[in-house]
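I sat down with this structure and a cup of coffee, and kept notes as I went. Here is my notebook, in the order I looked things up.

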Amino acid sequence: MAFFKRKKEESFSSPVFGKVEYIIAGLGNPGKQYELSRHNAGFLCIDILANRYSFKTDRIKFNALCADVMISSKRCLVMRPQTYMNLSGDAVKAAADFYKIPSDHIIIIYDDIDLPVGALRIRRKGSAGGHNGIKSIIAQLGTDEFPRLKIGVGAKPDPDYDLKDYVLGTFSKADQEILKTTMAKACDGVEIIVSGDVDKAMATCQITKKQ
């Protein structure tokens, strides 16, 4: 089941130039069964970015599906770690070490249950906030100073509801439609961050309420 319809006219041959300057990693779990789960919001956002820039993350490297793309005139490595969420940092660290990317040029996109569905929060650094993928990345990089885009997926419907079951549950069709708009705005934010202006991304791209 696709999150959106990919453009028919797209080709996947856009040339890239220079050294890789940014890593853009969307977090999630590999496997068809997790495709539309809340925990895969990062992967789904990469789908939107891929559609916008006509690329595929189909190159296997650093234990991730990768693409080499020009965004905002900067060469970027776009990644979907295939390590499962709890070990996301392994893939991100391997790529960062290989390309010698500083932490402030590593952009992470992921789900946040503390934000309502459709909200978007952008930060230049911060704690993991209980998110296992971010915990792994902080542990591997040795710092929490990397920009991140948090996509709101909503809180558990009941405090007693199992958190794992909730984040691995799928979005409703209504929430999918809301999130398409949010993720498009997140891609705008990625473009601005890559251009070198995190503050502008925070000022112009954040969404504070459910759409």
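The entries below go helix by helix, with a few loop residues in between.

**Entry 1: a word on the model**
I am working with a predicted model, so I read every value here as computed from that prediction.

**Entry 2: the length of α2**
I began with helix α2, which has 12 residues and runs over residues 88-99. At 1.5 Å a residue I expected a span of 16 Å, and I found the end C-alpha atoms 17 Å apart, so the two agree.

**Entry 3: the buried side of α2**
Which residues of α2 are buried? I listed S88, G89, A91, V92, A95, A96 and Y99. They cover an arc of only 165° around the axis, so they sit on the same side of α2.
Next I looked up what covers these buried residues. Among the strands I noted β1 (22-26), β2 (59-61) and β3 (64-71). The cover also includes β4 (74-81) and β5 (106-112), together with helix α3 (132-141).

**Entry 4: α2 against α3**
Since α3 turned up in that cover, I checked how the two helices meet. The axes of α2 and α3 come within 7 Å of each other and cross at roughly 40°. That angle makes α2 oblique to α3. I noted the crossing as right-handed.
For the contacts, I wrote down S88, G89, D90, V92, K93 and A96 on the α2 side. Their partners in α3 are G133, S136, I137, Q140 and L141.

**Entry 5: S136**
I picked S136, in helix α3, for a second look. Is S136 buried or exposed? It is buried: its relative accessible area is 8%, and the cut-off for buried is under 20%. Leaving aside neighbours within four places in sequence, I found S136 in contact with N86, L87, S88, G89 and D90.

**Entry 6: two positive phi values**
What comes right after α2? I found K100 there, with a positive phi near 55°. K100 is a residue other than glycine, and it lies in the loop between α2 and β5. With 69% relative accessibility, K100 counts as exposed.
I also noted S72, which has a positive phi of about 50° although it is not a glycine. S72 lies in the loop between β3 and β4. Its relative accessible area is 29%, so I put S72 down as partly exposed.

**Entry 7: α5 against α6**
Then I turned to helix α5 (residues 173-194) and helix α6 (residues 198-205). How do they pack, and at what angle? Their axes are 8 Å apart, and the angle is about 160°. Angles over 145 degrees count as roughly antiparallel, and α5 and α6 are therefore roughly antiparallel to each other. Their crossing is right-handed.
On the α5 side I listed K185, D188, G189, I192 and I193. These meet V198, K200, A201, T204 and C205 in α6.

**Entry 8: A155**
My last stop was A155, in the loop between β7 (148-152) and α4 (163-167). At 55% relative accessibility, A155 counts as exposed. How far is A155 from D112, in sequence and in space? I read 43 residues in sequence and 8.5 Å in space, C-alpha to C-alpha. Not counting residues up to four places away in sequence, A155 touches I113 and Y166.

Conventions
Residues are numbered from 1 along each chain as its sequence is written. This is a predicted model: local features need pLDDT of at least 70, side-chain atom pairs count only at pLDDT 80 or more; totals for chains, interfaces and linings use all residues. Side-chain values use heavy atoms; hydrogens and water are left out. Helices (H or I, at least four residues) and strands (E, at least two) are DSSP runs, numbered from the N terminus. The expected span of a helix is 1.5 Å times one less than its number of residues. Buried means under 20% relative accessible area, exposed over 50%, partly exposed in between (1.4 Å probe, protein chains only). The arc is that of the directions from the helix axis to the C-beta atoms. Contact means heavy atoms within 4.5 Å. Axes are lines fitted to C-alpha atoms, for helices over the stretch in contact, and angles run from 0 to 180 degrees between N-to-C directions. Angles under 35 degrees count as roughly parallel, over 145 as roughly antiparallel, 65 to 115 as roughly perpendicular and the rest as oblique. A crossing is left-handed if the near helix is turned anticlockwise from the far one by less than a right angle, and right-handed if clockwise.
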